[in-house]
Amino acid sequence: MIKLGDAYDEQNIFAKILRGDMPCIKLYEDAHTLAFMDIMPQVEGHCLVIPKQPAVTFLDLSDEGAAAVMATAKKLAAAVIKAVDAPGFMLAQLNSSYAGQTVPHYHMHILPRHEGLELGFHARDPEDMAVLGALAEKIRAAL
Ligand code: 5GP
């Protein structure tokens with residue numbers, strides 16, 4: 001259960017990715033943020049932007065951390081919609097289990113949207129790593 005005001009858990013999966021203890025398919029990195037492919041995408045091109053600052057929810061992020069996430073989300077969104085030829089996209093971020101948050105390190109979802117194409121289930125169906133890797137190459141090339 002993730003609650004507002006929870007202490008940061010250094011063992012959460014995104015903390016491990018940031019430390020390099022767990023792999024990810026990286027799209028972009030700078031001093032304050034990291035962006036990578038979501039391994040259970042709700043749509044082709046679904047990716048995540050996380051701050052390097054340890055923050056559970058939006059309320060725990062510094063103003064600088066929040067600004068850095070938005071700046072990276074803007075860069076990434078432009079590249080993702082180009083890579084998958086999407087006419088629209090969603091930014092989404094869930095705060096606490098009550099809102100559906102499942103990983104207790106703040107993150108912004110980037111979800112390309114196409115006419116008539118519904119989103120898949122949240123955090124349920126793992127995608128083939130080779131498929132994600134090929135897509136990541138296209139996104140990185142569009143950055
Ligand atoms: P939340 O439910 O917290 O808003 O979203 C967590 C997201 O992280 C989900 O979309 C889920 O598919 C994704 N996710 C969960 N575990 C991993 C992982 O180990 N690696 C990556 N790249 N994504 C993950």
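Which side chains meet in a salt bridge at 3.7 Å, N to O? In this predicted model, the pair in question is Glu10 and Arg19. Glu10 counts as partly exposed because its relative accessibility is 43%, and Arg19, at 40% relative accessibility, likewise counts as partly exposed. Arg19 also forms a salt bridge with Asp21, in which the closest N and O atoms are 3.0 Å apart, and Glu10, Arg19 and Asp21 are thereby linked in a network of salt bridges. The count of salt bridges comes to five, and another of them joins Arg124 to Asp125, with the closest N and O atoms 3.1 Å apart. Arg124 is partly exposed at 47% relative accessibility, and Asp125 is partly exposed at 41%.

The interior was examined next. The largest nonpolar core has 26 residues, of which Leu27, Met37, Cys47, Val49, Leu76, Ile110 and Ile139 touch the most other members. Two or more residues of this core are given by each of strand S1 (26-29), strand S2 (33-37), strand S3 (47-51), helix H2 (63-83), strand S5 (108-113) and helix H3 (129-142), and H2, with eight residues, gives the most. When residues up to four places away in sequence are not counted, Cys47 touches Leu27, Phe36, Met37, Asp38, Leu76, Val80, Met108, His109 and Ile110. Apart from this largest core lies another core, of seven residues, among them Phe14, Phe36, Ile50 and Val103.

One of the residues touched by Cys47 is Asp38, which lies in the loop between S2 and S3. Asp38 is buried yet has no salt bridge, and the nearest side chain of opposite charge, that of Arg124, is 12 Å away. A polar atom of the Asp38 side chain does, however, lie 2.9 Å from the backbone nitrogen of Met40. Beyond the residues up to four places away in sequence, Asp38 touches His46, Cys47, Leu48, His109 and Leu132.

A further buried position is found in the segment before helix H1 (13-19), where Ile2 is located. Ile2 counts as buried because its relative accessibility is 6%, a value under the 20% cut-off for that class. With residues up to four places away in sequence again left out, Ile2 touches Val56, Ser96, Ser97, Gln101, Thr102, Val103 and Pro104. Ile2 and Cys47 are 45 residues apart in sequence, and their C-alpha atoms are 21 Å apart in space.

Note on methods. Residues numbered from 1 in each chain as written. Predicted model: local features only at pLDDT ≥ 70, side-chain atom pairs only at ≥ 80, totals over all residues. Heavy atoms only, no water. Core = buried A, V, L, I, M, F, W, Y, C linked by side-chain atoms within 4.5 Å. Buried < 20%, exposed > 50% of the residue type's maximum accessible area, 1.4 Å probe, protein only. Helix = DSSP H or I, 4+ residues; strand = E, 2+ residues; numbered from the N terminus. Contact = heavy atoms within 4.5 Å. Lys, Arg positive; Asp, Glu negative; His and termini not counted. Salt bridge = Lys/Arg side-chain N within 4 Å of Asp/Glu carboxyl O. Polar contact = N/O pair within 3.5 Å; in protein donor to acceptor, adjacent residues only side chain to side chain.
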